[in-house]
Amino acid sequence: MTIESQRKNIIIRRICLALILLLLSVLQNTDGFFPQIFGVRALLLIPCVVCVAMYERDIWGMLLGLFAGALWDIFASGASFNALFLLAVGFACGTLINTIMRNNIVTATLLSFISSLIYNSGYWLFNFIIPKTDSAVFMLLRYYMPGVLYTSVLTPIIFLAVRAVVKHFSEE
């Protein structure tokens, strides 16, 4: 395979991964497009950024995480918090896979679970504990912890989709 065709495959692969992030952003952020289980929503962009970063490694994982977070912030108007969070997740996961972890479905699920737990715990802390809301514990147990589990259960499906794109456009 020539260098020219390798570069073309890398560019096409990254465009396809960006399109997957765009699709999951629409599914996550548009009401009624993705099923909620008893009012619990899955955060589809977190496992997608984790899985993309596992294959693209640190720099491109970070950049695609920034892209996914920017999409999320457009929908949520979260003052760039989601962009910064997913940038950090993409960099951390890419670096971990590059240095000490293996790239497999179990690692993807574990990293997605930890990232979702950090995101949901932080969101709960800043929106329910600091303002001293009476129903803080109820909200944690009713929506945020089940959301972490729901997101983690969907991670293997997202991992397989990302892996299929990467394998299709990998260098032979």
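## Notes on the pocket, cores and cysteines

1. Five helices meet at the largest pocket: H1 (3-29), H2 (45-76), H3 (81-99), H4 (105-129) and H5 (136-168) each give at least two residues to its lining. Helices here are DSSP runs (H or I, at least four residues), numbered from the N terminus. A pocket is an open set of points on a 1 Å grid over the protein atoms alone, with protein on both sides within 12 Å along at least five of seven lines, and lining residues have an atom within 4 Å of a point.

2. Before going further, keep in mind that this is a predicted model, where local features need pLDDT of at least 70 and side-chain atom pairs count only at pLDDT 80 or more, while totals for chains, interfaces and linings use all residues. Residues are numbered from 1 along each chain as its sequence is written, and side-chain values use heavy atoms, with hydrogens and water left out.

3. Back to that pocket. Its volume is about 580 Å³, taken as the space filled by probe spheres set on the grid points, which are joined across faces, edges and corners. There are 22 lining residues, and the closest to the centre are Leu43, Trp72, Tyr119, Tyr123 and Tyr144. H4 supplies the largest share of the lining, six residues. By class you get eleven nonpolar, ten polar and one charged; Ala, Val, Leu, Ile, Met, Phe, Trp, Tyr, Cys and Pro count as nonpolar, Asp, Glu, Lys and Arg as charged, and the others, Gly among them, as polar.

4. There is also one cavity of 30 Å³ or more in the whole structure, a cavity being a set of points where a 1.4 Å probe fits but cannot get out. Its volume is about 70 Å³. Among the residues lining this cavity are Leu27, Phe34, Pro35 and Arg41, and the full lining divides into four nonpolar, four polar and two charged.

5. Now the packing. The largest nonpolar core has 38 residues, and Leu17, Leu86 and Val162 have the most contacts inside it. H1, H2, H3, H4 and H5 each give two or more residues to this core, with the largest share, 13 residues, coming from H2. A core is a set of buried Ala, Val, Leu, Ile, Met, Phe, Trp, Tyr and Cys residues joined through side-chain atoms within 4.5 Å. Buried means under 20% relative accessible area, exposed over 50%, and partly exposed in between (1.4 Å probe, protein chains only).

6. Leu17 is worth clicking on. Beyond its neighbours within four places in sequence, Leu17 is in contact (heavy atoms within 4.5 Å) with Val52, Glu56, Leu64, Val162, Val165 and Val166. A second, separate core has six residues, including Phe128, Ala136, Met139 and Tyr144.

7. On the cysteines: the structure holds zero disulfides, a disulfide being a pair of cysteine sulfur atoms within 2.5 Å. Why is cysteine 16 without a bond? Its closest cysteine sulfur, in cysteine 48, is 12 Å away, too far for a bond. Cysteine 93 is unpaired too, with the sulfur of cysteine 51 nearest at 8.8 Å. Cysteine 16 is partly exposed at 23% relative accessible area, whereas cysteine 93 is buried at 3%.

8. Finally, two loop residues to check. Phe38, in the loop between H1 and H2, has a positive phi near 50 degrees and is exposed at 68%. Lys132, in the loop between H4 and H5, has a positive phi near 60 degrees and is exposed at 71%.
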